[in-house]
Amino acid sequence: MGIVVHKYGGSSVADTNKISNVAQRIVESHKEGFQVVAVVSAMGKTTDDLINLANSLNTDPNPREMDLLMSTGEIVSCSLVSMAVASLGFKSIALTGEQAGVRTDQLHTKARINKMVPERINKELGQGKIVIVAGFQGVNENNEVTTLGRGASDLSAVALAIGLKADRCEIYTDVEGIFDADPNIVKKAKLLPYIGFEEMLEMANYGAKMQPRSIELAAAFNMPIVVKSSFKEGKGTLIGGENTMENDNRVNAVTVDKNVAKVTILSVPDKPGVAVSIFKPLSEKGISVDTIVQNAGSNNITDLTFTVARSDLNSTIEIIKDLIKTIGATGYETNSNLVKISVIGTGMQNNPGYATSMFGALADSSVNIELITTSEIRITCIIDENQIETAANALHSAFGLSK
């Protein structure tokens with residue numbers, strides 16, 4: 001009997017009616033002959049509510065206490081889903097991340113999974129039970145509860161699928177699968193039946209609704225993921241498991257990432273060691289930096305620009321403030337009214353014309369480009385957030401995705 005891992009997001013378990021629907025889906029999979037492990041997120045906006053509650057009492061709460069607080073949302077939802085499954089006449093048990101065997105490093109609020117110890121899950125499956133696991137959480141070697149970062153129930157599900165040697169991981173959400181653009185922005189967006197790990201990773205990093213670390217992990221262990229709707233029937237999107245032929249060079253998707261802020265450190269001394277003195281403190285606080293640009297300097301002075309997630313901007317500013325005098329810079333500027341818009345596809349680096357087409361389409365639509373960054377399968381422009389809809393539709397049309 002094969003094992004399948006389901007994952008249900010917050011919108012899928014937002015109320016008791018939706019929880020009953022999830023329970024029915026889990027039971028249907030069990031009836032098909034699978035041993036089922038389901039990972040669930042917190043109900044609706046519970047995590048946001050818990051964060052706001054904490055901040056109303058303490059504007060700088062201890063990360064350890066925050067992890068303990070935030071983990072409760074998933075515990076509530078997994079307990080309720082298990083009760084709903086049991087009400088349908090099937091044996092079920094709810095487990096916390098710790099009980100499920102998720103072992104992490106020491107970093108609170110953004111912990112990384114070190115290993116999976118799924119003995120308890122295997123025991124419960126062996127007794128014929130359906131297992132419901134609280135996503136987004138684990139425990140470190142000091143038995144402290146940790147959380148894996150926002151949206152990391154996807155990561156929990158993929159890690160469990162790998163640890164259990166499951167047949168596949170199924171991610172259930174409020175959309176029908178992965179689209180070639182955000183259907184809320186581009187009305188002609190189309191569902192992708194398949195996308196490779198590499199392209200999906202770029203899409204996840206640049207705005208698609210998947211947790212990037214989950215795609216990295218799935219790719220490393222070749223664990224296929226199927227993304228489906230919790231509310232509609234359909235095949236969804238298969239991530240991984242197929243090869244794209246080299247002659248199929250084309251743009252597959254346009255993505256938008258609204259969670260971006262730009263930071264510019266002014267008049268930085270252009271000498272060895274300055275960059276590491278800036279970026280090391282950021283990395284030590286778990287702040288990821290993207291799109292680094294150093295302007296051509298004169299008189300050994302330059303401006304250094306980089307982007308971070310908007311959610312990390314305040315923490316970044318606090319670190320930068322302390323560094324300004326130390327490194328001999330004159331000040332800093334920030335802008336959080338920006339978005340990243342990307343075109344993603346195979347063979348970009350070795351085929352001319354993609355960048356020209358992208359820049360031309362944006363220029364024709366009077367969209368100004370602030371910064372540009374590229375990879376082998378992606379071109380990203382940072383633009384004003386007020387031009388999202390114009391830019392996304394222009395690029396979707398320019399690369400023939402509307403056909």
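**Exercise 1.** In this predicted model, helix H2 (residues 46–57) and helix H3 (residues 63–87) pack with their axes 9 Å apart and at an angle of about 150 degrees. Determine which class of relative orientation H2 and H3 fall into, what the hand of their crossing is, and how the residues of their contact divide by class.

*Solution.* Begin with the angle: about 150 degrees between H2 and H3 is to be set against the cut-off, by which angles over 145 degrees count as roughly antiparallel. H2 is therefore roughly antiparallel to H3. As for the hand, H2 passes H3 in a right-handed crossing. Next, list the residues that make the contact: H2 contributes Thr46, Thr47, Leu50, Ile51 and Ala54, while H3 contributes Met66, Leu69, Met70, Thr72, Gly73 and Glu74. Sorted by class, the residues of this contact comprise 6 nonpolar, 4 polar and 1 charged.

**Exercise 2.** Carry out the analysis for H11 and H12, whose axes come within 9 Å and cross at roughly 135 degrees, and state which residue classes are represented in their contact.

*Solution.* An angle of roughly 135 degrees between H11 and H12 has to be compared with the ranges for the named orientations, in which over 145 degrees is roughly antiparallel and 65 to 115 degrees is roughly perpendicular. H11 and H12 are therefore oblique to each other, and their crossing is right-handed. The contact is formed by Met358, Ala361 and Leu362 on the side of H11 and by Ala391, Ala394, Leu395 and Ala398 on the side of H12. Counting by class gives 7 nonpolar residues, with no polar and no charged ones.

**Exercise 3.** A search of the whole structure finds 3 aromatic pairs. Take the pair of Tyr8 and Tyr172, and work out which elements it ties together and whether its two members are buried or exposed.

*Solution.* The rings of Tyr8 and Tyr172 are 4.9 Å apart from centre to centre, with 15 degrees between their planes, and the pair is stacked. Because Tyr8 lies in strand S1 (residues 3–8) and Tyr172 in strand S9 (residues 168–173), the pair ties together parts that are 164 residues apart in sequence. For burial, the cut-off is a relative accessible area under 20%. Tyr8, at 0% relative accessibility, counts as buried, and Tyr172, at 5%, counts as buried too.

**Exercise 4.** Classify the pair of Tyr354 and Phe399 from the geometry of its rings, and locate its members along the chain.

*Solution.* The ring centres of Tyr354 and Phe399 lie 6.4 Å apart and their planes stand at 20 degrees, so the pair is stacked. Tyr354 belongs to helix H11 (residues 354–364) and Phe399 to the segment after helix H12 (388–398), so that this pair links distant parts of the chain, 45 residues apart. Tyr354 has 13% relative accessibility and counts as buried, and Phe399, at 17%, is likewise buried.

Methods. Residues numbered from 1 in each chain as written. Predicted model: local features only at pLDDT ≥ 70, side-chain atom pairs only at ≥ 80, totals over all residues. Heavy atoms only, no water. Phe/Tyr/Trp six-rings, centres within 6.5 Å; stacked < 30°, edge-to-face > 60°. Helix = DSSP H or I, 4+ residues; strand = E, 2+ residues; numbered from the N terminus. Buried < 20%, exposed > 50% of the residue type's maximum accessible area, 1.4 Å probe, protein only. Axes fitted to C-alpha atoms, helices over the stretch in contact; angles between N-to-C directions. Parallel < 35°, antiparallel > 145°, perpendicular 65-115°, else oblique. Left-handed = near helix turned anticlockwise from the far one by under 90°. Contact = heavy atoms within 4.5 Å. Nonpolar A, V, L, I, M, F, W, Y, C, P; charged D, E, K, R; others polar.
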